[in-house]
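Visitor: I'd like a close look at the interior of this one, please. Take me through what is packed away inside, residue by residue where that helps, and point out any odd backbone angles on the way.

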Amino acid sequence: MNVTQQQVLERLSKVASPRGVALTDANVLSDIAVNDGKVFFSINVDAAEARAWESVRAEAEAAVRAIPGVTVAMIALTAERKAGAAPAPAPHRHAQGVPHVSAHRPPAQPGPASPMSKQSEIPGISAVIAVASGKGGVGKSTTALNLALGLRDLGLRVGLLDADIYGPSVPRLTGIREKPQLTADKKMIPIQRFGLAIMSIGFLVEEETAMIWRGPMVMSAITQMLRDVVWGRLDILVVDMPPGTGDAQLTLAQNVPLKGAIIISTPQDLSLIDARRGLAMFKKVNVPVLGIVENMSYFQCPHCGTRSDIFGHGGARHEAERLGVPFLGEIPLHMSIRTTSDSGTPVVESEPDGPYAAIYRAIGAKVRDQLQGVIAAA
């Protein structure tokens, strides 16, 4: 059943804003994107009124999800203070006698709330870990997938969440083309491949679709892929993060109590500078750093076996020693790792007895050992 934008607008017209005006008449809706049963839009309000609008956002999301044929609804609340705006004044009434939205806010609580106060475990998952990098192009997604497979080979129940909203790579790396199925209450069922439970925003949009999303939409999408997915029982959920230190990283850290983060870097000084930023961010939000991986550590000629340090060598190891975090291992730049990734058959799966699969499993063993207490306690 094809869902139309008009159907969405009709449902939203029955949702009232805090002032009692229909949501469709409140001049707060972004463009509504409807694609193959998936609905995306944001509600744009002033930051001073955000608290009063959260229940409206939740009601709007429930209304859209109830439309026959809707499989996914991602609705974000975009709250920005207007340029030059002063803090919100005391509650007052407009000339029409309608209370200002700020009047709906509950009394201020003493002291600022911690941004980590909303953390909660995901039922059934013992440990959530992030695989991150300070910059793109360092092989983070390839490493995340093969690390997940290495952990699987160690006898663990493993899931993989591709949270790289702007450039999801996991669909191509795994060869997955199908869409996730839904449960009766419209929760997504992760796709099973290679013995992993896998979810990616790339399963919900076409590969060439430009993800032109503002920060709140990114945060909403990541939250839904964490909370609205039937993950089942997992020892470890590996989250492939987008590069950088922005909204996605903070959303994850504030949403679930991460048991650790792994930083991927190349030996280059430029990559290491960005890796330091990633390390600093995770430490600032009290996420343990499980270690650093040096990817593309050296080039191994597939014909003669000669080794060349194209990007230098050992930089990530030295950085780990300097910062006092574990060094997890070196992964070479090799043709078979690249070709198996491009073909959707990652090297740990397609060449399980080869030297590169052994490297990923060794890294996985170091990660497992650090999480042993968490996993055993589940």
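Guide: Let's settle one word before we go in: a residue counts as buried when its relative accessible area is under 20%, and as exposed when it is over 50%. Keep in mind too that this is a predicted model. On that cut-off, 50% of the 378 residues in the protein chain are buried. The chain is built from 11 helices and 12 strands. Of the contacts between residues with a separation of 6 or more, 74% join residues 24 or more positions apart, and we'll run into several such long-range pairings below.

Start with the nonpolar part. In soluble globular proteins, nonpolar side chains tend to be buried together. Here the largest nonpolar core has 86 residues, and those with the most contacts inside it are Trp231, Ile236, Leu237, Val238, Leu258, Ile262 and Phe282. Take Leu237 from that list: beyond its neighbours within four places in sequence, it is in contact with Ile125, Ala127, Val128, Ile129, Gly159, Leu160, Leu161, Leu226 and Trp231. Apart from this core lies another, of 21 residues, including Leu12, Val28, Val56 and Leu77.

Now for a neighbour of Leu237 that isn't nonpolar. Asp235 belongs to strand β8, residues 234–240. How accessible is aspartate 235, buried or exposed? Its relative accessible area is 8%, so it falls on the buried side. Setting aside residues within four places in sequence, Asp235 contacts Ser126, Ala127, Leu156, Arg157 and Ile375. Ala127 turns up here, just as it does among the contacts of Leu237.

Lys38 is another charged residue tucked away. You'll find it in strand β2, which runs over residues 38–46. With a relative accessible area of 3%, Lys38 is buried. Its contacts, not counting residues up to four places away in sequence, are Ala33, Thr71, Val72, Leu204 and Val205.

Two of those partners, Thr71 and Val72, lead us to an empty spot. How many cavities of 30 Å³ or more are there? The count comes to one, with a volume of about 60 Å³. Its lining is made of Arg65, Thr71, Val72, Ala73, Lys186, Met188, Gln224 and Asp228. Sorted by type, that lining is a mix: three nonpolar, two polar and three charged residues.

Next in sequence after the lining residue Ala73 is Met74, found in strand β3 (residues 72–80). Met74 is buried, since its relative accessible area is 0%. Between the C-alpha atoms of Met74 and Val218 there are 9.5 Å, even though the two are 144 residues apart in sequence. Met281 has a partner of that kind as well: it sits in helix α7, residues 269–284, and its C-alpha is 8.7 Å from that of Gln249, 32 residues away in sequence. Met281 is also buried, this time because its relative accessible area is 11%.

As for the backbone angles you asked about, most residues other than glycine have a negative phi. Two buried residues go the other way. Phe194 has a positive phi of about 60° without being a glycine; it lies in the loop between β6 (191–193) and β7 (196–200). A relative accessible area of 17% is under the cut-off, so Phe194 still counts as buried. The second is Met296, with phi near 55°. Unlike Phe194, which is in a loop, Met296 is placed within a strand, β10 (residues 289–300). Its relative accessibility is 17%, so it is buried too.

Let's finish at helix α9, residues 335–342, where the buried residues are Ser336, Ile337, Thr340 and Ser341. Looking down the axis of α9, these fall within an arc of 130°, so they line one face of the helix. Following α9 is Gly344, where phi is positive again, near 80°, but in this case the residue is a glycine.

Conventions: Residues numbered from 1 in each chain as written. Predicted model: local features only at pLDDT ≥ 70, side-chain atom pairs only at ≥ 80, totals over all residues. Heavy atoms only, no water. Helix = DSSP H or I, 4+ residues; strand = E, 2+ residues; numbered from the N terminus. Buried < 20%, exposed > 50% of the residue type's maximum accessible area, 1.4 Å probe, protein only. Contact = heavy atoms within 4.5 Å. Core = buried A, V, L, I, M, F, W, Y, C linked by side-chain atoms within 4.5 Å. Arc of directions from axis to C-beta. 1 Å grid on protein atoms, 1.4 Å probe; cavity = no way out; pocket = protein on both sides within 12 Å on 5 of 7 lines; lining within 4 Å. Points joined across faces, edges and corners; volume = space filled by probe spheres on them. Nonpolar A, V, L, I, M, F, W, Y, C, P; charged D, E, K, R; others polar.
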